[in-house]
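Here's a quick briefing to read alongside the model. It starts with one residue, then moves through a few helices and ends with the overall picture.

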Amino acid sequence: MGQVRQARHVQAYDGELGAAVARAQDGDETAFAVAYRFVQPGLLGYLRGLVGDDAEDVASDAWLEIARDLGRFKGDGAGFRGWTSTIARHRALDHLRRQRVRPRPGGTEQDVLDLPSRHSTHEEALEALSTERALELVRGLPRDQAEAVLLRVVVGLDGPATARVLGKRPGAVRTAAHRGLKRLARQLGVPGEADEGVTDEASRTLGKSK
């Protein structure tokens, strides 16, 4: 299952996720494992877009913090995905700051942070890309656009939740997403679409999270 389909799958089961989180907060370890299985694929995809091959290590650090602070969380399944994304993002940025003294092969911290926003292309074109190729294209976009696309398409957050994770106004996130859509559409060679049409198509076929 690709990252796009995984995001839709997790989003569709936010009710079950919220119930699992509530049970986990009461000490049910099995329920915590259920919540982990719902959230981890999208979270790991997001982190791969930020820190590349170090994503699993950063995810492990994030889950330690999630488990430790679980009792403080208040909200539903969608809120839990947003909360865990915020924690993962903080751990990723901490990791990237540490990399300043020893850059990872293949790019600097800024290279990795200059990411894109929501993909703007027909679903067939996006589905034809491997996960690695898709994330590579995402990493080539400006940071604000990249994080918007990772959170909305890979993690499956809606616009307001994405804005909260990034600490930005919803309008700024929408603008970044729109620009990222147009840029990625050009890279993928989407033919015969006006800018607005491409953006609308991406919203329908990729996000399904407005």
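Let's begin at Thr-84, which sits in helix 5, the stretch covering residues 77-98. Keep in mind that this is a predicted model. Thr-84 has a relative accessible area of 0%, so with the cut-off for buried at under 20%, Thr-84 counts as buried.

**Around Thr-84**

- Setting aside neighbours within four places in sequence, Thr-84 is in contact with Val-39, Leu-43 and Ile-66.
- Two of those partners, Val-39 and Leu-43, also turn up among the helix 3 residues that meet helix 4.
- The side chain of Thr-84 also reaches back to the backbone oxygen of Arg-81, at 3.0 Å.
- Glu-65 is 19 residues from Thr-84 in sequence, and their C-alpha atoms are 9.2 Å apart.

**His-95, also in helix 5**

- His-95 has its place in helix 5 too.
- Is His-95 buried or exposed? Its relative accessibility is 10%, so His-95 counts as buried.
- Leaving out neighbours within four places in sequence, His-95 is in contact with Val-51, Asp-54 and Val-58.
- Val-51 belongs to helix 3 and Val-58 to helix 4, and both are listed where those two helices meet.

**Helix 3 against helix 4**

- Helix 3 spans residues 29-51 and helix 4 spans residues 55-69; their axes come within 9 Å and cross at roughly 135 degrees.
- That angle makes helix 3 oblique to helix 4, because only angles over 145 degrees would count as roughly antiparallel.
- As for handedness, helix 3 passes helix 4 in a right-handed crossing.
- On the helix 3 side, the residues that meet helix 4 include Phe-32, Ala-35, Tyr-36, Val-39, Gln-40 and Leu-43.
- Further along helix 3, Leu-44, Leu-47, Arg-48 and Val-51 take part as well.
- Helix 4 brings Ala-55, Glu-56, Val-58, Ala-59, Trp-63 and Ala-67 to the meeting.
- A general point helps when reading such lists: an α-helix has 3.6 residues a turn, so residues three or four places apart point the same way.

**Helix 10 and its ends**

- Helix 10 covers residues 159-166, and 6 of its 8 residues are buried, so the helix is largely enclosed by the rest of the structure.
- The buried ones are Gly-159, Ala-161, Thr-162, Ala-163, Val-165 and Leu-166.
- What happens at the start of helix 10? A side-chain oxygen of Asp-158 reaches to within 2.9 Å of the backbone nitrogen of Ala-161.
- After helix 10 comes Gly-167, with a positive phi near 70 degrees.

**Leu-166 in helix 10**

- Leu-166 is found in helix 10, and with a relative accessible area of 10% it is buried.
- Its contacts, apart from neighbours within four places in sequence, are Arg-89, Glu-147, Ala-148, Leu-151 and Val-173.
- Leu-166 and Thr-86 are 80 residues apart in sequence, yet their C-alpha atoms are 7.7 Å apart in space.

**The whole protein**

- The count is 12 helices and 0 strands, so from the N terminus on, every element in the run is α.
- Of the 210 residues, 50% are buried.
- Among contacts with a separation of 6 or more, 73% link residues 24 or more positions apart.
- The accessible surface comes to about 10,100 Å², and carbon and sulfur atoms account for 48% of it.

How values were computed: Residues are numbered from 1 along each chain as its sequence is written. Side-chain values use heavy atoms; hydrogens and water are left out. Helices (H or I, at least four residues) and strands (E, at least two) are DSSP runs, numbered from the N terminus. Buried means under 20% relative accessible area, exposed over 50%, partly exposed in between (1.4 Å probe, protein chains only). Contact means heavy atoms within 4.5 Å. Accessible areas come from the Shrake-Rupley method with a 1.4 Å probe; for residues, only the protein chains shown count as cover. A polar contact is a pair of N or O atoms within 3.5 Å; within protein, one must be able to donate a hydrogen and the other to accept it, and residues adjacent in sequence count only if both atoms are side-chain atoms. Axes are lines fitted to C-alpha atoms, for helices over the stretch in contact, and angles run from 0 to 180 degrees between N-to-C directions. Angles under 35 degrees count as roughly parallel, over 145 as roughly antiparallel, 65 to 115 as roughly perpendicular and the rest as oblique. A crossing is left-handed if the near helix is turned anticlockwise from the far one by less than a right angle, and right-handed if clockwise.
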